[in-house]
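Student: I'd like a close look at one part of this structure, and then a tour of what else is going on around it. Could you walk me through it?

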Amino acid sequence: MAPAPEPALDLRRALEARVGSWAARVEHHDTLGSTNDRLRSLAVAGAPEWTVVSASRQTQGRGRLGRRWISPPGNLHLSVLLRPPRGTELGILPLAAGLVVAEAVRARGAPAQVKWPNDVLVGDRKLAGVLAEAQSAGGAVEWVCLGIGVNLAAAAVEFGALAASRVSLAELVQQPPAPAELAADVLVRLREAVRELVSGQVAPLLGRWRALSVAWWGEPVEVEQGATTLRGRARDVDEDGALRLELADGRVERVVSGDARRLRPLPAAAD
Ligand code: BT5
């Protein structure tokens with residue numbers, strides 16, 4: 001059984017200060033295994049869209065493909081339930097979530113960028129990640145549980161070998177926001193982005209995403225998909241969220257998932 005939630009007054013207040021009212025349930029926990037797991041159980045029980053679960057720390061925080069998300073106290077661990085109508089371009093959701101996180105932290109002075117498909121980076125360091133988990137029935141998506149983790153506190157010690165590849169907002173800005181304030185900001189921006197997406201306005205969202213993307217267009221990149229590695233030049237992102245990768249033979253491969261990284265540019269030829 002999940003532990004009883006604490007009152008989520010701070011987050012609800014921060015939300016309502018921005019948008020007047022937030023109809024769905026908002027839960028905050030001091031400690032959870034994973035906010036996505038808690039929200040999934042609420043989703044299965046019929047919770048309405050925009051139900052929110054947050055936690056100060058997670059003991060079983062997850063990344064994609066069962067990877068671990070290190071979730072020390074003071075970081076933002078947030079999950080929100082969506083029930084997108086049929087026809088919504090779901091491949092854009094992780095991009096949209098990364099985008100609104102990047103916009104929210106940029107508004108606070110951190111020069112964040114997005115990297116396909118789900119990273120929010122500052123330089124080469126990961127500030128935030130997005131995990132979208134969906135449930136389908138009869139060919140239609142019933143719900144999507146969108147999990148967002150943002151490093152807020154400067155707890156580099158918990159990261160061991162990963163310390164050099166992550167960064168927190170506390171290391172980037174003078175006055176990092178309280179988790180509830182950042183969560184509310186992200187949720188309100190996300191609600192607007194999902195409205196656009198559901199009404200079919202993908203192009204403006206993708207335009208904003210491209211503007212904040214790491215500048216790797218035309219550059220050699222590598223995408224790992226399990227045992228397969230694809231190499232090519234990053235060309236663009238399609239309207240369904242797929243990465244367009246131009247292979248060495250000129251063919252363009254549309255990549256829908258994977259871990260992408262920029263390959264170091266070859267040293268200039270000596271003349
Ligand atoms: C992600 O996965 O980036 C998705 C992270 C989603 C976390 C949220 S927190 C709220 C909700 N509840 C959950 O249980 N999860 C979601 P991926 O692209 O697979 O990246 C995972 C990789 O990032 C790991 O293998 C590490 O290399 C690295 N990593 C782990 N924890 C990190 C952290 N706190 N900051 C930066 N990098 C981290």
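Which residue forms a salt bridge with Arg208, and how far apart are the closest N and O atoms?

Tutor: Happy to, and keep in mind that this is a predicted model. The partner you're after is Glu196: its salt bridge with Arg208 has the closest N and O atoms 3.4 Å apart. Glu196 belongs to helix H4 (residues 179–198) while Arg208 belongs to helix H5 (residues 202–212), so the pair ties together parts that are 12 residues apart in sequence. Now check how covered each partner is. Glu196 counts as buried because its relative accessibility is 15%, under the 20% cut-off. Arg208, with a relative accessible area of 28%, is partly exposed. As for the chemistry, side chains of opposite charge can pair when their charged atoms come close.

That pair has plenty of company, as the structure holds 27 salt bridges. Take Arg25 and Glu27, whose side chains meet at 2.8 Å, N to O. Arg25 is partly exposed at 43% relative accessibility, whereas Glu27 is buried, with a relative accessible area of just 2%. Another one links Arg244 and Asp238, this time at 3.1 Å, N to O. Here Arg244 is partly exposed at 28%, and Asp238 is buried at 16%. Some salt bridges share partners too, and in that way Asp37, Arg40, Arg62 and Glu133 are joined into one network.

Hang on to Arg62, since it leads us to the ligand. There are 26 residues around the ligand, and Arg62 is among those that come nearest, along with Ser34, Arg67, Lys126 and Asn151. Lys126 reaches out with its side chain: an N or O atom there is 2.8 Å from an oxygen atom of the ligand. Arg64 takes part through its backbone instead, with an N or O atom 2.9 Å from a ligand oxygen. Ile70 also uses a backbone N or O atom, and that one lies 2.9 Å from a nitrogen atom of the ligand. How much of the ligand ends up covered? Taken alone it exposes 790 Å², and the protein buries 92% of that.

The ligand sits in the largest pocket. To see what surrounds it, look for helix H2 (35–44) and strands S3 (76–82), S6 (125–137) and S7 (140–150), each of which supplies at least two residues of the shell. S6 gives the largest share, four residues.

Last, some backbone oddities. For background, most residues other than glycine have a negative phi, and most peptide bonds are trans. Trp116 and Pro117, however, are joined by a cis peptide bond, with omega at about -5 degrees. You'll find Pro117 in the loop between strand S4 (113–115) and strand S5 (119–122). Then there's Trp50, which isn't a glycine but has a positive phi of about 70 degrees. Trp50 is in the loop between H2 and strand S2 (52–58), and at 12% relative accessibility it counts as buried. Leu65 has a positive phi as well, near 50 degrees. Leu65 is found in the loop between S2 and S3, but at 76% relative accessibility it counts as exposed.

Definitions and conventions:
Residues are numbered from 1 along each chain as its sequence is written. This is a predicted model: local features need pLDDT of at least 70, side-chain atom pairs count only at pLDDT 80 or more; totals for chains, interfaces and linings use all residues. Side-chain values use heavy atoms; hydrogens and water are left out. A salt bridge is a side-chain nitrogen of Lys or Arg within 4 Å of a carboxyl oxygen of Asp or Glu. Buried means under 20% relative accessible area, exposed over 50%, partly exposed in between (1.4 Å probe, protein chains only). A residue is near a molecule or strand if one of its heavy atoms lies within 4 Å of it. A polar contact is a pair of N or O atoms within 3.5 Å; within protein, one must be able to donate a hydrogen and the other to accept it, and residues adjacent in sequence count only if both atoms are side-chain atoms. Accessible areas come from the Shrake-Rupley method with a 1.4 Å probe; for residues, only the protein chains shown count as cover. On a 1 Å grid over the protein atoms alone, a cavity is a set of points where a 1.4 Å probe fits but cannot get out, and a pocket is an open set with protein on both sides within 12 Å along at least five of seven lines; lining residues have an atom within 4 Å of a point. A molecule sits in a cavity or pocket if more than half of its atoms lie within 2 Å of its grid points.
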